[in-house]
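I opened the model today and kept notes as I went. The entries follow the order in which I looked things up.

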Amino acid sequence: MDINTLRLFIAVVREGGFSQAAKAVLSTQSTVSKAVKRLEDELDLVLIDRVAPGITLTDAGDVVLRRAQTILAERDDLLVELRELRGLKHGELRLGLPPIGSDTLFAPTFVAFRDRYPGIRIQLIERGCQDLMDLLRTGEIDLAGLLLPFPDEFSWQNVCVEPVVAVVAAGNPLTARRSVPIAAFADSPFLLFETGFSLNQIVLAACRRNGFTPMVTARSTQVEFLFDLIAAGLGVGFLPRMMVETRQHDGIRAIALDDPNMLWHMTLAWRRGGYLSGAAKEWLRLMQ
């Protein structure tokens, strides 16, 4: 049993399939499949139920996944701690950031960090918050931009708190009002981000509190594309206020929502009790 085999097994589970895992780790489906089969043969146990749809773990697979995540996290902590003995002249900072809002919140820190520590390589991964939590658990990234709430297994530092606003086409009659309840959009098509983005959960939770289930007509990972769809009258979107204010688009308008719980609370998070590298600590300091 080697580290790389465990990484490939975790990738298959996280990505939801052998071909998807192969793309994620820049390998071939055959290589990934053989590695998982080799692991099963070594353990003399079936880890993945290949008859069930998708990737369904057996009881043994659940145990191996949990232990493998711990082993990889501890191994990465060991390597990072040893690198810290050489100071901040060399090394790597592994950041996981969500596509939403990162350009506004984190770009200035990239510049400041690069100026101070040119020898530290920054590895950036852009994913939704749910995927970033999985990467934190396995130690594949040092810090992640996560939206609260999230499990207590992570420690965190505040980045910013922004109200979520409704974004509508410029001609929408509701723009005449200073604020509206989200129920005002109960009959409107919703334009949301892709599955795995925590902002969706904030919006859908507000809909449940107001007694309706929205009709979602489109999803995307691109803010500008959503703005174009909204401007064309295809539906209503929901974004942190600052993301609307910092972008110029004549065809849209933001409307405040009468819901104090609809907050976009961005943090920088890391594994509670895990080793935090000097580079990661310095990034946190700069973010303050």
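Entry 1, an exposed loop residue. I began with leucine 26, which is exposed at a relative accessible area of 79%. The model is a predicted one, and I read each value below as computed from it. I placed leucine 26 in the loop between α2 (18-24) and α3 (29-43). I then checked its backbone and found a positive phi of about 60 degrees, although leucine 26 is not a glycine.

Entry 2, the other end of α3. I asked which loop holds aspartate 44. Aspartate 44 sits between α3 and β1 (48-49). Its phi is positive, about 60 degrees, and again the residue is not a glycine. With a relative accessibility of 66%, aspartate 44 counts as exposed.

Entry 3, the whole chain. I noted 10 helices and 12 strands in the protein chain. The C-alpha trace spans about 65 × 50 × 30 Å along its principal axes. Of the 288 residues, 47% count as buried. I looked up contacts with a separation of 6 or more, and 74% of them are between residues 24 or more positions apart.

Entry 4, surface and charge. I got an accessible surface of about 14,400 Å² for the protein chain, and carbon and sulfur atoms hold 52% of that area. I counted side chains by charge: 31 are positive and 34 negative. The centres of these two sets lie 3 Å apart.

Entry 5, domains. The assignment divides the chain into domain 1 (3-81), domain 2 (83-158 + 266-287) and domain 3 (160-264). For domain 2 and domain 3 I took the centres over C-alpha atoms, and they are 28 Å apart. I also looked up the contacts across this pair: 12 residues of domain 2 meet 14 residues of domain 3.

Entry 6, the nonpolar cores. I asked which residues have the most contacts inside the largest nonpolar core. They are Leu146, Phe185, Phe238 and Trp264, in a core of 72 residues. Strand β6 (residues 154-169) gives the most to this core, namely eight residues. Why do I place this core between two domains? Domain 2 and domain 3 both give residues to the core, so it lies between them. Apart from this core I noted another, of 21 residues, with Ile10, Phe18, Ala35 and Ile48 among them.

Entry 7, tryptophan 264. I listed what tryptophan 264 touches, leaving out residues up to four places away in sequence. The list includes Ile100, Gly101, Leu105 and Leu147. Cys160, Val161, Glu162 and Val164 are also among its contacts. I further noted Leu199, Ile202, Pro240 and Met242.

Entry 8, a cis peptide. I found a cis peptide bond joining leucine 148 and proline 149, with omega about 5 degrees. Proline 149 lies in the loop between β5 (143-147) and β6.

Entry 9, helix α10. I asked how many of the 10 residues of helix α10 (residues 278-287) are buried. Eight are, so the helix is largely enclosed by the rest of the structure; the cut-off I used for buried is under 20% relative accessible area. The buried residues in α10 are Gly278, Ala279, Ala280, Glu282, Trp283, Leu284, Leu286 and Met287.

Terms used: Residues are numbered from 1 along each chain as its sequence is written. This is a predicted model: local features need pLDDT of at least 70, side-chain atom pairs count only at pLDDT 80 or more; totals for chains, interfaces and linings use all residues. Side-chain values use heavy atoms; hydrogens and water are left out. Helices (H or I, at least four residues) and strands (E, at least two) are DSSP runs, numbered from the N terminus. Buried means under 20% relative accessible area, exposed over 50%, partly exposed in between (1.4 Å probe, protein chains only). Contact means heavy atoms within 4.5 Å. Accessible areas come from the Shrake-Rupley method with a 1.4 Å probe; for residues, only the protein chains shown count as cover. Lys and Arg count as positive and Asp and Glu as negative; His and the chain ends are not counted. The place of a charge is taken as NZ of Lys, CZ of Arg, CG of Asp or CD of Glu. A nonpolar core is a set of buried Ala, Val, Leu, Ile, Met, Phe, Trp, Tyr and Cys residues joined through side-chain atoms within 4.5 Å. Domain bounds come from an automatic or database domain assignment.
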